[in-house]
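Student: Could you take me closely through one part of this structure, the second sheet and what packs on it? I should then like to see how that part connects with the rest of the chain.

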Amino acid sequence: MTDITFDSENVSLGLGFLELDPNDQRSTRWSVQLGIKHSTGCFSYLATDVWFDTEVWDQFRIDLSSKEPEILKLFDMSDYFCFVIERTATCFEITIQVHEPIISQGTIRLEAHFKSDLDGPFLRNLGDAFAACPKFW
């Protein structure tokens, strides 16, 4: 089940709530689906064991609803998923990083950077998607 669905410009993001840690009410487990379009196709990422601290999640939601956010950050507790939006004088600069250890050895890393117009729909659509998601804690 996807609780947050966002699709704007070059990014599609789906977040599905899976559980609240019974031993730590500040830890929530989510599935993450990410698609980043490029000129010849799409990079995709899927993870089903991503843990977010509820305080980080709540702050991201608050920042999304702010009239003039400067920097918005959503990152998981292991730093495997990081979504950063920074407001500059002329645009929003968006950075998305995913990092996964490989079971045998090594890691896989994807990092995307792009820009969005200040008056474009990106931030508004993202805010609407998060606002529509129920709070499970």
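**The second sheet and its surroundings**

Tutor: Four strands, in the order β5-β6-β7-β8, make up an open sheet with antiparallel pairing. Its edge strands, each paired on one side only, are β5 (71-75) and β8 (107-117). From one strand to the next, the twist averages 10 degrees. The model is a predicted one, in which local features need pLDDT of at least 70 and side-chain atom pairs count only at pLDDT 80 or more, while totals for chains, interfaces and linings use all residues. Residues are numbered from 1 along each chain as its sequence is written, and side-chain values use heavy atoms, with hydrogens and water left out.

Some terms are needed here. Helices (H or I, at least four residues) and strands (E, at least two) are DSSP runs numbered from the N terminus, and two strands pair if DSSP finds at least two bridges between them. Angles run from 0 to 180 degrees between the N-to-C directions of axes, which are lines fitted to C-alpha atoms, for helices over the stretch in contact; contact means heavy atoms within 4.5 Å.

Within the sheet, strand β7 (residues 91-101) is joined to β8 by eleven bridges in the antiparallel sense. One residue of that ladder is I96, whose bridge partner in β8 is A112. Both helices reach this sheet. Helix α1 lies across β5 and β6, and its direction is at about 150 degrees to that of β5. Helix α2 packs on the sheet as well, touching β5, β6, β7 and β8, at about 135 degrees to the direction of β6.

The loop between α1 and β5 contains E70. Not counting residues up to four places away in sequence, E70 touches I85, E86 and R87. The C-alpha atoms of E70 and S8 are 20 Å apart in space, and the two residues are separated by 62 residues in sequence.

The buried side of α2 comes next. Buried means under 20% relative accessible area, exposed over 50%, and partly exposed in between (1.4 Å probe, protein chains only). The buried residues of α2 are F122, L123, L126, G127, A129 and F130. They line one face of the helix, because seen down its axis they fall within an arc of 160 degrees, taken from the directions from the helix axis to the C-beta atoms.

A nonpolar core is a set of buried Ala, Val, Leu, Ile, Met, Phe, Trp, Tyr and Cys residues joined through side-chain atoms within 4.5 Å. In the largest one, with 36 residues, those that touch the most other members are L74, F83, I85, F122, L126 and F130. To this core α2 gives the most, namely five residues. F122 shows how the helix is surrounded: leaving aside its neighbours within four places in sequence, F122 is in contact with F6, S8, E9, V11, F83, I85, I94, F114 and S116.

The same two helices also meet another sheet. This open sheet has four antiparallel strands in the order β1-β2-β3-β4. Here β1 (4-8) and β4 (41-53) are the edge strands, each pairing on one side only. Five bridges join β1 to the antiparallel strand β2 (residues 11-20), and T5 stands opposite G14 in β2. Strands β3 and β4 form a hairpin with two residues between them and pair in the antiparallel sense over eleven bridges. Helix α1 lies across β1, β2, β3 and β4, at about 125 degrees to β4, whereas α2 lies across β1 and β2, at about 170 degrees to β1.

Aromatic rings complete the picture. Rings of Phe, Tyr and Trp (its six-membered ring) pair if their centres lie within 6.5 Å; planes under 30 degrees apart count as stacked, over 60 as edge-to-face and the rest as tilted. By this rule there are twelve aromatic pairs. One of them, W30 with F136, is edge-to-face, at 6.2 Å centre to centre with 70 degrees between the planes. It links distant parts of the chain, 106 residues apart: W30 is in strand β3 (residues 27-38) and F136 in the segment after α2 (122-131). W30 counts as buried because its relative accessibility is 0%, and F136 counts as partly exposed because its value is 31%. The pair of F60 and F83 is tilted, because the ring centres are 6.1 Å apart and the planes at 40 degrees. Since F60 lies in helix α1 (residues 54-65) and F83 in strand β6 (residues 81-87), this pair ties together parts that are 23 residues apart in sequence. Both F60 and F83 are buried. Ring pairs join F17, W30, F52, W57, F60, F81, F83, F130, F136 and W137 into a cluster.
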